[in-house]
Amino acid sequence: MPVWLREYSWRQTAAAVYLSLPLRGLPVSPANIFCTDQYLKVSIPPFLFEAFLYAPIDDTNSTAKIGNGIIFFTLYKKEVAIWDSLTLANASKEKLQYLRQDAVVKAHKKAKEETEAKKVKEQEHKKYALEATMKLEEAERIRIEDLKEKERQKVTKELELWKKKQKEAEKQNRVQKERELHQEVQEFNEKKKGKNNQSRIPNEGTSKTRLKPTKGHGSYSMFSEDLSEEQLPAPRSAATIKINFTSRVFPTPLRESRVAEEEEWLHKQAEARRTVSADLSELKDLKEEEKNPDWLKDKGNKMFATGDYLAAVNAYNLAIRLNNKLPLLYLNRAACHLKLRNLHKAIEDSSKALELLTPPVPDNNSARVKAYVRRGTAFCQLELYTEGLQDYEAALKIDPKNEAIEKDAEKIRHLIQGTTQDS
């Protein structure tokens with residue numbers, strides 16, 4: 001049997017009822033309170049308080065404050081009026097049972113409506129978020145298409161300009177050849193004309209002499225038999241033109257050059273560029289440019305610049321799955337992990353980048369300095385100052401004139417000294 005709580009006090013105004021219920025030191029929470037428009041119950045087993053209100057109230061805006069061993073109810077009336085009493089007087093058991101059951105039914109109905117309203121609201125929020133995402137993606141797609149169109153127009157314009165220059169060059173060459181051919185013909189005609197003038201009969205006396213018949217002919221020739229034919233210039237002889245290309249010159253002097261290592265580095269980079277995994281299931285829904293590791297790297301760099309580090313990590317992840325031999329992908333992802341405080345992953349990616357940045361040559365000095373600094377930074381944030389100092393000193397060996405790295409290394413030395421003194 002429940003123990004009924006009969007002690008309470010109440011007062012009212014035309015718009016509200018104020019009810020104070022002592023709890024006698026009982027522990028109470030909002031879950032112990034049940035209220036509808038005409039029914040109020042406080043259940044703290046085995047104690048029970050129940051009130052069938054005189055008139056309906058606004059149970060949505062009404063409040064209950066728990067504290068100092070009492071519950072203080074503020075019940076707002078639906079109709080402005082003065083009640084004769086707090087509860088119904090002289091109500092039969094059947095009516096009270098009906099009100100009790102009706103209160104439970106109303107509570108279930110209200111809870112169901114609130115749940116459905118919450119679901120509808122969540123669906124609206126999801127729909128809005130999806131529409132916003134689609135708009136952003138559409139804007140990004142349009143931006144990329146505009147860039148591609150501008151690039152296409154630029155390339156087309158350059159190609160047309162190149163074709164125009166080629167046509168002009170061919171026209172100039174053709175005019176030059178025609179000019180040279182015309183000049184050669186003129187020289188040939190002048191030479192022939194000069195020889196014809198020399199072979200003419202010098203006086204009239206010779207014209208009266210009997211002409212000798214030419215061999216094999218019945219007619220007579222007015223020219224000498226020993227006249228030689230005009231000799232044309234000989235054709236140009238064929239030849240082979242040998243072309244020598246200038247060898248690639250590295251920035252270091254020959255006495256300090258590491259040609260073998262540099263050639264190995266270039267060979268590794270060329271092999272890495274040709275290694276692309278094209279059998280991933282994720283590639284089916286991607287555009288052609290989105291399957292390019294370099295395009296994904298550039299996209300990750302742009303997202304990193306805008307502060308969207310998680311999206312940048314996703315771009316680098318897909319690029320690495322397409323080609324896991326490019327050190328810059330691991331190096332850039334390490335920078336993202338540093339921003340996201342994923343320190344162990346930053347150390348792993350920096351170490352992988354250093355593993356791929358071999359052999360050490362001047363061409364990869366800058367990347368190796370970044371890898372050492374990022375790994376050293378992650379070590380220091382994990383309070384592994386000795387390992388961090390080793391990486392900073394390795395970076396200084398590559399770039400000894402870098403003042404920023406030198407200052408950070410000096411700070412780490414002070415931290416190590418302070419830690420040693422405290423211990």
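This passage describes a strand pairing, two buried residues, a helix and the largest pocket of a predicted model.

Strands β7 (residues 63-67) and β8 (residues 70-76) run antiparallel and are joined by five bridges. Within this pairing, Lys65 lies opposite Phe72 of β8. Two residues separate the strands of the hairpin, and Asn68 adopts a positive phi near 55° there.

Residues of β8 also take part in the surroundings of Ser20, which belongs to strand β3 (residues 16-22). Leaving aside residues up to four places away in sequence, Ser20 is in contact with Tyr8, Ser9, Ile70, Ile71 and Phe72. Phe72, the residue opposite Lys65, is thus one of the contacts of Ser20. The relative accessible area of Ser20 is 17%. Ser20 is classed as buried because this value is under the 20% cut-off.

A second buried position is Ala367, located in helix α8 (residues 365-381). Its relative accessible area is 13%, and Ala367 is therefore counted as buried under the 20% criterion. Outside the range of four places in sequence, Ala367 touches three leucines, namely Leu328, Leu331 and Leu357. Leu357 is ten residues from Ala367 along the chain, and the C-alpha atoms of the two are separated by 7.7 Å.

Helix α7 comprises 14 residues (residues 343-356). The expected span, at 1.5 Å a residue, is 20 Å, a figure obtained by multiplying 1.5 Å by one less than the number of residues. The C-alpha atoms at the ends of α7 are 20 Å apart, so the expected and computed spans agree. The buried residues of α7 are Leu343, Ala346, Ile347, Asp349, Ser350, Ala353, Leu354 and Leu356. Asp349 and Ser350 are thus among the buried residues of this helix.

The largest pocket has a volume of about 580 Å³. Its lining consists of 19 residues, of which Glu137, Glu140, Glu290, Lys299 and Met303 are the closest to the pocket centre. Three helices, α1 (93-198), α4 (293-305) and α5 (309-322), each contribute at least two lining residues. The largest share comes from α1, which supplies eight residues. By residue class, the lining of the largest pocket contains ten nonpolar, two polar and seven charged residues.

Conventions. Residues are numbered from 1 along each chain as its sequence is written. This is a predicted model: local features need pLDDT of at least 70, side-chain atom pairs count only at pLDDT 80 or more; totals for chains, interfaces and linings use all residues. Side-chain values use heavy atoms; hydrogens and water are left out. Two strands pair if DSSP finds at least two bridges between them. Helices (H or I, at least four residues) and strands (E, at least two) are DSSP runs, numbered from the N terminus. Buried means under 20% relative accessible area, exposed over 50%, partly exposed in between (1.4 Å probe, protein chains only). Contact means heavy atoms within 4.5 Å. On a 1 Å grid over the protein atoms alone, a cavity is a set of points where a 1.4 Å probe fits but cannot get out, and a pocket is an open set with protein on both sides within 12 Å along at least five of seven lines; lining residues have an atom within 4 Å of a point. Grid points are joined across faces, edges and corners, and a volume is the space filled by probe spheres set on the points. Ala, Val, Leu, Ile, Met, Phe, Trp, Tyr, Cys and Pro count as nonpolar, Asp, Glu, Lys and Arg as charged, and the others, Gly among them, as polar.
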